[in-house]
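Let's take a walk through this model together, with an eye on how one helix packs and where empty space is enclosed. Have your viewer open and follow along.

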Amino acid sequence: MTIELSVILAADRLDTIRAVLRRLSAQTARDRLELVVVTPSAFELELPDDAFGAVRVVESDGEAIDVARLRAQGVGAASAPAVLLAETHSFPALDSLELLIERHRDSWVGVGQAICNGNPETMRSWTNLFLDYGPWADPCAGGAVRELPTHNSSFKRAELLACGEKLPELLRYSEGINAELRARGGRLYLEPRAKTFHVNVSRTTSWLVERVAAGRAYAGARAEAWPAWRRMAYACGSPLIPLVRGRRVLRDIRRTGRSEELLPRILPALVAGLALSALGELGGYLLGAGRAPRLIGEMELRRMPHVRPGER
């Protein structure tokens, strides 16, 4: 079999990725998959070498919680023409990666999956899904799109490598890599038949911390090179963020046909999540990212401790 898709996972130890490995090894296209695990310590990993077309472990000198940097190193080490930026807590449907491979035989530089809720029991989980993945939440029409999420999307490897040393920073937030690929004439596609089940933070204390940290990390990275006057202007405008984002979330809830299921039950969590994110953005514009990227990186890498026990 020809290797057609490299699945890149950042990890610190085998337990972190054990569950997602089981799902990946059950893929219909597993013989055409290359598993690329990037880790600070290869001694912590003993990977099955017969469940995929190829397996590669890349030892990195970076921290495991710096997921974007580890992913960029994984892109450099991969051998397939397309790479999937996978997560430790997102579980693709069994035919999902085969559908990505088929779509990558066309000229699309990026192909995304529809995002399903992997732990739909709480409104905190639904709030996170729509705040972080609203435009791609399942069900969706699919087709050519302007934006894809960096997490759980696949890209032509050559196009990512062409970003050079900028790649780690471009992979931190979706808007960076999307803008870079569009500027070079690349086209993005959302494949609605390809689905992944994303597990969201749902423990109360973890959720409160994550919403603030996500806003602060994003604003701090976005405004890092801005002059003081622009930072202050965006900080003054941060109270409007819940209104703008709230309208988008409600639109996405209606689009997915979940109004009856989620409204009005989601509103308290949604209002709280929007307010916390806006508070975080205010801090990011005024004070910088601080420790927020580390907090988010830890929750990205090791998600299950931040999920309610009954949902794991």
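**A covered helix and two cavities**

In this predicted model, the buried residues of helix H4 pack against strands S6 (110-117) and S9 (188-198), and also against helices H8 (204-222), H10 (241-255), H11 (259-262) and H12 (267-287). H4 itself spans residues 123-133 and is mostly covered, with nine of its 11 residues buried. If you would like to pick them out in H4, the buried ones are Met123, Ser125, Trp126, Thr127, Asn128, Leu129, Phe130, Leu131 and Tyr133.

Now let's turn to the enclosed space. How many cavities of 30 Å³ or more does the structure hold? There are two, and the largest contains about 60 Å³ of space. Its lining is made up of Leu9, Ala10, Val67, Arg71, Ala86, Glu87, Thr88, His89, Glu300 and Leu301. Strand S1 (5-10), helix H2 (67-77) and helix H13 (292-301) are the elements that give two or more residues to this lining. Sorted by class, the lining of the largest cavity has five nonpolar, two polar and three charged residues.

The second largest cavity holds about 40 Å³. Around it you will find Val20, Leu24, Leu84, Ala86, Glu87, Ser90, Pro92, Gln113, Asn152 and Thr196. At least two of the lining residues come from helix H1 (14-25), and at least two from strand S5 (90-92). By class, this second lining divides into five nonpolar, four polar and one charged residue. As you move between the cavities, look for Ala86 and Glu87: they line the largest cavity and the second largest one.

Conventions. Residues numbered from 1 in each chain as written. Predicted model: local features only at pLDDT ≥ 70, side-chain atom pairs only at ≥ 80, totals over all residues. Heavy atoms only, no water. 1 Å grid on protein atoms, 1.4 Å probe; cavity = no way out; pocket = protein on both sides within 12 Å on 5 of 7 lines; lining within 4 Å. Points joined across faces, edges and corners; volume = space filled by probe spheres on them. Helix = DSSP H or I, 4+ residues; strand = E, 2+ residues; numbered from the N terminus. Nonpolar A, V, L, I, M, F, W, Y, C, P; charged D, E, K, R; others polar. Buried < 20%, exposed > 50% of the residue type's maximum accessible area, 1.4 Å probe, protein only. Contact = heavy atoms within 4.5 Å.
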